[in-house]
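User: I'm new to reading protein models and would like to go through this one with you. Can we take it a question at a time?

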Amino acid sequence: MIDWFEITLLYIIIGGLWAYWLNNYCVKNLEAPYNLPMFEWEIIIHVTLWPLTLSSFLFELIYSMWEEYKSQK
């Protein structure tokens, strides 16, 4: 049976992967001054609150894609 330790560990692993990917994405794809590596406190926020930051990222991504699609019509 899955206990609280395994759930917490899985939550932190997913958050760590998300923070790692987001940091690499920002450094490689954004223009200056936004392409700087994250500070440690930013990484901690993304690891602990990853459901919120991931959903916000996906919402903005989908919204911007939708706006671009509408402007092309």
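User: What share of the 73 residues in the protein is buried?

Analyst: Keep in mind that we're looking at a predicted model. A residue counts as buried when its relative accessible area is under 20%. Of the 73 residues in the protein, the buried ones make up 15%.

User: How many helices and strands does the protein have?

Analyst: Going from the N terminus, the elements run α-α-α. Strands come to zero, and the helices come to three.

User: What radius of gyration does the protein have, next to a compact globule of 73 residues?

Analyst: Start with the extent: the C-alpha trace spans about 55 × 30 × 15 Å along its principal axes. A compact globule of 73 residues would come out near 11 Å for the radius of gyration. The protein itself has 16 Å.

User: Among contacts between residues at least 6 apart in sequence, what share joins residues at least 24 apart?

Analyst: Two residues are in contact when heavy atoms lie within 4.5 Å. Take the contacts between residues at least 6 apart in sequence, then pick out those that join residues at least 24 apart. Their share is 68%.

User: How many aromatic pairs are there, and what type is the one between Trp4 and Phe5?

Analyst: A search of the whole structure turns up nine aromatic pairs. For Trp4 and Phe5, the ring centres are 6.2 Å apart and the planes are at 90°. Planes over 60 degrees apart count as edge-to-face, so the type of this pair is edge-to-face.

User: Is Trp4 buried or exposed?

Analyst: The cut-off for exposed is over 50% relative accessible area. Trp4 has 64% relative accessibility, so it counts as exposed.

User: How much accessible area does the nonpolar patch with Trp4 and Phe5 have?

Analyst: Phe5 has its place in helix H1. Together with Trp4, Leu9, Ile13 and Leu17, Phe5 forms a nonpolar patch on the surface. The accessible area of these residues together is about 590 Å².

User: What about the whole protein: how much of the exposed area do carbon and sulfur atoms supply?

Analyst: The protein exposes about 6,300 Å². Of that area, carbon and sulfur atoms supply 71%.

User: Why is the pair of Tyr25 and Phe57 edge-to-face, and how many residues apart are they?

Analyst: Their ring centres are 5.7 Å apart and the planes are at 85°, so the pair is edge-to-face. Tyr25 sits in helix H1 (residues 4-29) and Phe57 in helix H3 (residues 50-72), so to speak a link between distant parts of the chain. In sequence, Tyr25 and Phe57 are 32 residues apart.

User: Which residues form an aromatic cluster with Tyr25?

Analyst: Tyr25 is partly exposed, at a relative accessible area of 30%. One aromatic cluster takes in Tyr25 along with Trp18, Trp21 and Phe57.

User: Which residues does Leu30 touch, not counting residues up to four places away in sequence?

Analyst: Leu30 lies in the loop between H1 and H2. With 32% relative accessibility, Leu30 counts as partly exposed. Leaving out residues up to four places away in sequence, Leu30 touches Tyr25 and Asn35.

User: Which residues does Asn23 touch, with the same neighbours not counted?

Analyst: Asn23 has its place in helix H1. At 17% relative accessibility it falls under the 20% cut-off, so Asn23 counts as buried. Not counting residues up to four places away in sequence, Asn23 touches Pro37 and Met38.

User: Which peptide bond is cis, with omega near 5°?

Analyst: As a rule, most peptide bonds are trans. Here we look to Pro33, in the loop between H1 and helix H2 (40-48). The cis bond, with omega near 5°, runs from Ala32 to Pro33.

User: Which residue forms a salt bridge with Lys70?

Analyst: Side chains of opposite charge can pair when their charged atoms come close. The structure holds one salt bridge. Lys70 and its partner both lie in helix H3, three residues apart, about one turn of the helix. The closest N and O atoms are 3.7 Å apart, and the partner is Glu67.

User: Are Lys70 and Glu67 buried, exposed or partly exposed?

Analyst: Lys70 has a relative accessible area of 42%. For Glu67 the value is 31%. With the range in between running from 20% to 50%, Lys70 is partly exposed, and Glu67 is partly exposed.

Definitions and conventions. Residues numbered from 1 in each chain as written. Predicted model: local features only at pLDDT ≥ 70, side-chain atom pairs only at ≥ 80, totals over all residues. Heavy atoms only, no water. Phe/Tyr/Trp six-rings, centres within 6.5 Å; stacked < 30°, edge-to-face > 60°. Buried < 20%, exposed > 50% of the residue type's maximum accessible area, 1.4 Å probe, protein only. Helix = DSSP H or I, 4+ residues; strand = E, 2+ residues; numbered from the N terminus. Rg over C-alpha atoms; globule rule 2.2 N^0.38 Å. Areas by Shrake-Rupley, 256 points an atom, 1.4 Å probe, with all protein chains shown as cover. Patch = residues over 30% accessible without salt bridge, like charges linked within 9 Å, V, L, I, M, F, W, Y side chains within 5 Å. Salt bridge = Lys/Arg side-chain N within 4 Å of Asp/Glu carboxyl O.
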